[in-house]
Amino acid sequence: DVASKLYSSHGILALFRGQVATWSRNIPSYGIYFCTYEIITRKFKRICGRENLAVGWELMAGGLTGTVSWSSIYPVDVVKSRIQTQEYGADGKGLRYDGIVDCAKKTWRNEGIRAFYKGLGVTLLRAFPCNATMWYTYSWVRQVFEKI
């Protein structure tokens with residue numbers, strides 16, 4: 001229903017609003033994410049003197065990876081979310097932001113730097129266990145397949 005209303009009132013491009021902002025977040029974020037995991041696991045393997053990390057070390061590496069990644073990219077995520085959730089004006093035309101740079105400038109000017117970090121604490125509370133579990137599962141599955 002939402003998609004059809006957006007399409008009928010604002011055209012096909014309305015369905016893709018915020019896509020460039022999503023790419024602007026995801027491309028550097030995944031680079032940071034995978035590099036961080038590699039750096040942390042290599043460091044932990046040197047500390048432990050083992051090629052395969054114990055469960056606790058693997059969980060710690062994954063959790064730290066998630067928190068580093070989200071911490072580094074969070075301001076871009078805020079801009080992306082604001083662009084994606086902005087509403088059209090009362091007349092059905094005109095958006096609040098003209099793009100990524102305009103959104104960042106208006107957010108900075110109207111709310112200051114703190115606006116770019118609203119919700120980061122909760123995001124990090126979720127990121128640690130979520131990424132710890134994900135990376136541990138990845139590592140475990142990889143080890144299982146290496147034995148096959």
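## Close-up views of a five-helix predicted model

**View 1. Ser29 in helix α2.** Ser29 is found in helix α2. The model shown here and in the views below is predicted. Ser29 has a relative accessibility of 11% and therefore counts as buried, since the cut-off for burial is under 20%. Which residues does Ser29 touch, beyond those up to four places away in sequence? Its partners on that count are Ser69 and Ile73. Both partners fall within helix α3, which covers residues 55–85.

**View 2. Gln19 in helix α2.** Helix α2 covers residues 19–48, and Gln19 lies in this helix. Gln19 is partly exposed, because its relative accessibility is 31% and that class lies between the 20% and 50% limits. Gly112 is 93 residues away from Gln19 along the chain. In space, the C-alpha atoms of Gln19 and Gly112 are 25 Å apart.

**View 3. Thr85 in helix α3.** Thr85 belongs to helix α3. Residues 55–85 form this helix. Is Thr85 buried or exposed? Thr85 is exposed, as its relative accessible area is 60% and the class begins over 50%. A second residue to find in this view is Arg17. Thr85 and Arg17 are 68 residues apart along the chain. Their C-alpha atoms are separated by 9.0 Å.

**View 4. Ile100 in helix α4.** Ile100 sits in helix α4, a helix of residues 100–111. With a relative accessible area of 32%, Ile100 is partly exposed. Neighbours within four places in sequence are set aside for its contacts. The remaining partners of Ile100 are Val20, Ala21, Ser24, Val79 and Ile83. Among them, Val79 is 21 residues from Ile100 along the chain. The C-alpha atoms of Ile100 and Val79 are separated by 6.7 Å. Val79 and Ile83 belong to α3.

**View 5. Packing of α3 against α4.** Helix α3 (residues 55–85) packs on helix α4 (residues 100–111) at an angle of about 105°. The two axes are 10 Å apart. The angle makes α3 roughly perpendicular to α4, because that class runs from 65 to 115 degrees. Which residues meet here? From α3 come Val79, Arg82 and Ile83. From α4 come Ile100, Cys103, Ala104, Thr107 and Glu111. By class, the contact has 5 nonpolar, 1 polar and 2 charged residues.

**View 6. The whole chain, for orientation.** How many helices and strands does the chain have? The count is 5 helices and 0 strands. Along the sequence, the pattern reads α-α-α-α-α. The C-alpha trace spans about 65 × 40 × 20 Å along its principal axes. The radius of gyration is 20 Å, whereas a compact globule of 148 residues would have a value near 15 Å. Buried residues make up 31% of the 148 residues. Ser29 from View 1 is one of the buried residues. The exposed area of the chain is about 9,700 Å². Carbon and sulfur atoms supply 63% of this area. Among contacts with a separation of 6 or more, 68% involve residues 24 or more positions apart.

How values were computed. Residues numbered from 1 in each chain as written. Predicted model: local features only at pLDDT ≥ 70, side-chain atom pairs only at ≥ 80, totals over all residues. Heavy atoms only, no water. Axes fitted to C-alpha atoms, helices over the stretch in contact; angles between N-to-C directions. Helix = DSSP H or I, 4+ residues; strand = E, 2+ residues; numbered from the N terminus. Parallel < 35°, antiparallel > 145°, perpendicular 65-115°, else oblique. Contact = heavy atoms within 4.5 Å. Nonpolar A, V, L, I, M, F, W, Y, C, P; charged D, E, K, R; others polar. Rg over C-alpha atoms; globule rule 2.2 N^0.38 Å. Buried < 20%, exposed > 50% of the residue type's maximum accessible area, 1.4 Å probe, protein only. Areas by Shrake-Rupley, 256 points an atom, 1.4 Å probe, with all protein chains shown as cover.
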